[in-house]
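Thanks, everyone, for making time this morning. I would like to walk through one model and concentrate on how its chains meet.

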Number of protein chains: 2
Amino acid sequence: MSSPAAASPASSASSAPRPIDGFHAVVPAGGAGTRLWPLSRQGSPKFLHDLTGTGRTLLQGTVDRLLPLTGRDGVLVVTGVRHAQAVTAQLPELGAGQVVAEPSPRDSMAAIGLAAAILAERHGPDVVLGSFAADHVIDDLDGFWSAVTEGVAAARAGYVVTIGITATEPSTAFGYIRAAGPLGAEGAPSARHVAGFTEKPDAETAAGYLATGDYWWNAGMFLVQAGVLLDHLARQLPPLAAGLRAIAAAWDDAGRRDAVLAETWPGLTKIAIDHAIAEPVAAAGGVAVVPGSFTWDDVGDFDSLAALLPAVGVEGGRTLGEEALVQRLDAAGSVVVPGAGRAVTVLGVRDAVVVDTPDALLVTTRAHAQAVKQAVDGWRERGRDDLL
Amino acid sequence: MSSPAAASPASSASSAPRPIDGFHAVVPAGGAGTRLWPLSRQGSPKFLHDLTGTGRTLLQGTVDRLLPLTGRDGVLVVTGVRHAQAVTAQLPELGAGQVVAEPSPRDSMAAIGLAAAILAERHGPDVVLGSFAADHVIDDLDGFWSAVTEGVAAARAGYVVTIGITATEPSTAFGYIRAAGPLGAEGAPSARHVAGFTEKPDAETAAGYLATGDYWWNAGMFLVQAGVLLDHLARQLPPLAAGLRAIAAAWDDAGRRDAVLAETWPGLTKIAIDHAIAEPVAAAGGVAVVPGSFTWDDVGDFDSLAALLPAVGVEGGRTLGEEALVQRLDAAGSVVVPGAGRAVTVLGVRDAVVVDTPDALLVTTRAHAQAVKQAVDGWRERGRDDLL
């Protein structure tokens, strides 16, 4: 006779799901993460870094989270040529065709649209793709997997599907998704129609949103059938759709890819997928939202980074790196990144942010975390492109 | 015919004086400068650094200031064996007999007493010595030279002479000298008797001192005939006086010096010259003060260091080092020492103190300048003696 405890499986929290047939994840890996400078650089952006001390970079964490839903062949990373080698090195489990290198950045519509067109070429137009940025941090894998699974079902019903994050505060740092009535699609019981999207609101507006119960944070996660996406795009921006289809048709032909890319890529319209697809299609009733209850963070600045790190000592400091290198004296709440092997002392500066790297040092406070971009701009103006 | 401008000498402000016959300067070069850590270290204390951006270290500046009064042979530097080589390298103008290396630190009475005993051996007891710490910064050379010249005259009248610094504020960081009536010694018209010395007072007491007009800051500058000093010492601390005389008698005998040092030095009384001589002799009426009107600073911490550096930009920051390495954004009054060649950004921390060295980084504020010693203590407790 075994006890109930011995009979239960080892883990009940994050039992990995089975891969979903015909589902592919697209991971746009771009953006310099300027507000995390000098940790994040143009040449080594934040998605290539382990920012949470888990031993995995944000990119690796993103792929780790998706593989159980897609299987090993079901992840496609879209990044710039500059980072393709680093991305490939960090993801040895991916095959050669699973890292798409853009010749230059042409915003999220071109990146996700190219992925959709390539997947449609390879697997047909009914394949469902889900787009998940490479630099997000998510807790509660079960909640994430559950939302994505519902999202795939809603996408199969022909919708462009977003995943809405439950707003825990009236944040002014995120855009919001406004939900309407239930979608009623099979396999997506919690999905709702989307009435519209909003840009980052002011605090009062955000508080009003929360009071209605109809708003979710927009984390930029989209799920849609490749053919549906390309059809929407063909209606909204025909030249962009045609260009992406032409490139995709040549993508897996080593003899033609570079020539078509060279001819077509530079002329593609630079636009975010939100403006190109999500907003106009939502206005026409074609967008759905699946509410997600998991914890999500885009690690936008050092203040949000701090919240992801464990508190140290009685003063609640945070360290990304070797704690033995850090001494805090009357410096409660300070965030230290001892990234150059040197001993760092913070004395009498509460909520300080000290980021120590081999060639650049940043000293600021958590309250100034959003202003770090100014430092990058300043060094650029001084001609110190080596620091950017 | 030449114009008056062409006929006048190049500089009227600091025309160097002639050397004073029979006057020798003693420069105690010791102390770790803990409150200037990590710029100042045990192995490389503050007097070995150029802290004012003049291109000369504090030690070199001290000797530069004294040589016009003493001539090239008239300066004797007393330092620890650990620093003797660095001192000699920084002062190539001094001869081999002009750097005295103590086997271990035994406080200021042993250091200055040994110098006095060596000078008495070499030049007789009537030689006047003046003691000037190696880590002070003085503006207005004419004022300094004038005070020293009066001080030598007062010393020749048999007094232990201090130079009092005109107090510009009720500082609690310095001890004070209380003056009594005029001394009336030949060649020292402004000299006065000293009624006594006080330790660092509290703010209220200091304000009371200033109101009387009879108090000067005690900068620890003493002038006295070698024989007078040694006689006072023989009365106050006979074993210390005898030990120093024994060492001095063997000092210039290469065959005997080390043996006598090894036998005698470790047993010498550790005491400051203030307690050993200045206070008891003042009580007996044997101490005089010459008021000095020059600007003086002992560069005790990063706040006082800041005051010695030129203000940078509209925000009045201060930089010790290469200004091109520093970017300040909303960081008025911040003090930056970019001492590791790295780009330093200070964003939103007013009056910040950022000291960047190859192995240690300090981030604090000017208001915490006196607390920097805690950082040194903290690293010592962690066993990081390599940082001290």
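How much area do chain A and chain B bury between them? Before answering, I should say that this is a predicted model, in which local features need pLDDT of at least 70 and side-chain atom pairs count only at pLDDT 80 or more, while totals for chains, interfaces and linings use all residues. Residues are numbered from 1 along each chain as its sequence is written, chains are lettered from A and ligands numbered from 1 in the order in which they are written, and side-chain values use heavy atoms, with hydrogens and water left out.

The two chains bury about 2,800 Å² between them, 56% of it on carbon and sulfur atoms, where buried area is the accessible area (1.4 Å probe) that two parts lose on being put together, summed over both. Of the area that chain A buries against chain B, 24% is supplied by A:R342, A:L347 and A:V363, more than by any other three residues.

Turning to symmetry, chain A is superposed on chain B by a rotation of 179 degrees with 0.0 Å of shift along the axis, at an RMSD of 0.1 Å, the fit being by least squares on the C-alpha atoms of residues with pLDDT of at least 70 in both. That is the relation of a two-fold axis, and in chain A the C-alpha nearest the axis belongs to A:V363, 3.9 Å from it.

In terms of contact (heavy atoms within 4.5 Å), 38 residues of chain A meet 38 residues of chain B. Because 100% of the interface residues of chain A are also interface residues in chain B, the copies meet through the same surface.

What of the salt bridges, meaning a side-chain nitrogen of Lys or Arg within 4 Å of a carboxyl oxygen of Asp or Glu? Across this interface there are 2, and the side chains of B:R342 and A:D356 meet in a salt bridge at 2.6 Å, N to O.

Over all chains the count comes to 27 salt bridges, including one between the side chains of B:R366 and B:D303, at 2.8 Å, N to O. Here B:R366 lies in the loop between β17 (360–365) and α12 (372–381) of chain B, and B:D303 in helix α11 (residues 302–308), so the pair ties together parts 63 residues apart in sequence; helices (H or I, at least four residues) and strands (E, at least two) are DSSP runs, numbered from the N terminus.
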